[in-house]
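User: I would like a close look at the helix contacts in this protein, with the cysteines and the loops beside them taken into account. Please keep to what can be read from the model itself.

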Amino acid sequence: MSVVMPVVIGLICVCLLSLIPEPRRRPLNAVLVGGAGAAYLSGGGLGYGEFVLPVVMTYVAYRGLTSWTWIGAGWLLHTAWDVVHHLKGSPILPFFEHSSFGCAICDPVLALWCFAGGPSVFGWIRARRPATPAGD
């Protein structure tokens, strides 16, 4: 269950983000990945090292304004930070010990979607549904 739920949460996030129409979907995702870079600032447990990821993610988010690949890379960078925190730092949610581990599972789901170009999941499903004849 500790792996299944983060994947499900990632898929739910992808579905919710798919509801945002283009051309606003990519810039919003860039802002989200930039904000994810600051998730551990309020007590991550790595001291001054906590300032590294927000700086890097700010650049990645800026590049992500025009590129889904950069946004996907940002989610993978956040995944690496989640792993570091799971092993050495404080969890992303202080009241949930394994939250950084869960985030490290969830983030690659978002990254894969971004590397695919952030398509609308619902549009993809509609495109694959067989056409029904008129009158049925």
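Analyst: What follows starts with the chain as a whole and then turns to two helix pairs, the cysteines and the loops.

The model is a predicted one, and its protein chain contains six helices and zero strands, so that the order of elements from the N terminus reads α-α-α-α-α-α. The C-alpha trace spans about 65 × 35 × 20 Å along its principal axes. Of the 136 residues in the chain, 33% are buried. When contacts between residues at least 6 apart in sequence are considered, 71% of them join residues at least 24 apart.

The pair to look at closely is helix α1, which covers residues 4-18, and α5, the latter running over residues 99-115. These two helices pack at an angle of about 35 degrees, and their axes are 8 Å apart; their crossing is right-handed. On the α1 side the contact is made by Pro-6, Val-7, Ile-9, Gly-10, Leu-11, Cys-13, Val-14, Leu-17 and Ser-18, while α5 brings in Gly-102, Ile-105, Cys-106, Val-109, Leu-110 and Trp-113. Sorted by class, the residues of this contact comprise 12 nonpolar and three polar ones, with no charged residue among them.

Ile-9, a residue of helix α1, takes part in this contact, yet it counts as partly exposed because its relative accessible area is 41%, and the range for that class lies between 20% and 50%. Measured against the sequence rather than the helix pair, Ile-9 and Pro-91 stand 82 residues apart, and their C-alpha atoms are 18 Å apart in space.

The contact between α1 and α5 also includes two cysteines, Cys-13 from α1 and Cys-106 from α5, which raises the matter of disulfides. The structure holds zero of them. A disulfide is a covalent bond between the sulfur atoms of two cysteines, and a pair is counted here when the sulfur atoms are within 2.5 Å. The cysteine sulfur closest to that of Cys-106 belongs to Cys-13 and is 5.1 Å away, which is too far for a bond. For Cys-103 the closest cysteine sulfur is the one in Cys-106, at 6.2 Å, and this distance is likewise too far for a bond. Both residues fall under the 20% limit for burial: Cys-106 is buried with a relative accessible area of 9%, and Cys-103 is buried with one of 16%.

The second pair is helix α2, residues 25-36, and helix α4, residues 68-87, which pack at an angle of about 25 degrees with their axes 10 Å apart. Because angles under 35 degrees count as roughly parallel, α2 and α4 are described as roughly parallel to each other. Their crossing is left-handed. From α2 the contact draws on Arg-25, Arg-26, Asn-29, Ala-30, Leu-32, Val-33 and Ala-36, and from α4 on Trp-68, Ile-71, Gly-74, Trp-75 and His-78. By class this contact has seven nonpolar, three polar and two charged residues.

Several loop residues can be placed in relation to these helices. Pro-23 is found in the loop between α1 and α2, and the peptide bond that leads from Glu-22 to Pro-23 is cis, with omega near 15 degrees. Leu-65 lies in the loop between α3, residues 52-64, and α4, and is partly exposed with a relative accessible area of 38%. Once neighbours within four places in sequence are left aside, Leu-65 is in contact with Arg-26, Pro-27 and Ala-30, and of these Arg-26 and Ala-30 also belong to the contact of α2 with α4. The C-alpha atoms of Leu-65 and Val-31, which are 34 residues apart along the chain, are separated by 8.1 Å.

Further along, Ser-90 lies in the loop between α4 and α5 and is partly exposed, with a relative accessible area of 24%; its C-alpha atom is separated by 8.1 Å from that of Leu-46, 44 residues away along the chain. Ser-120, in the loop between α5 and α6, is 99 residues from Pro-21 in sequence and 8.1 Å from it in space, C-alpha to C-alpha. Not counting residues up to four places away in sequence, Ser-120 touches Ser-18 and Arg-25; Ser-18 is one of the α1 residues in the contact with α5, and Arg-25 is one of the α2 residues in the contact with α4.

Notes
Residues numbered from 1 in each chain as written. Predicted model: local features only at pLDDT ≥ 70, side-chain atom pairs only at ≥ 80, totals over all residues. Heavy atoms only, no water. Buried < 20%, exposed > 50% of the residue type's maximum accessible area, 1.4 Å probe, protein only. Axes fitted to C-alpha atoms, helices over the stretch in contact; angles between N-to-C directions. Helix = DSSP H or I, 4+ residues; strand = E, 2+ residues; numbered from the N terminus. Parallel < 35°, antiparallel > 145°, perpendicular 65-115°, else oblique. Left-handed = near helix turned anticlockwise from the far one by under 90°. Contact = heavy atoms within 4.5 Å. Nonpolar A, V, L, I, M, F, W, Y, C, P; charged D, E, K, R; others polar.
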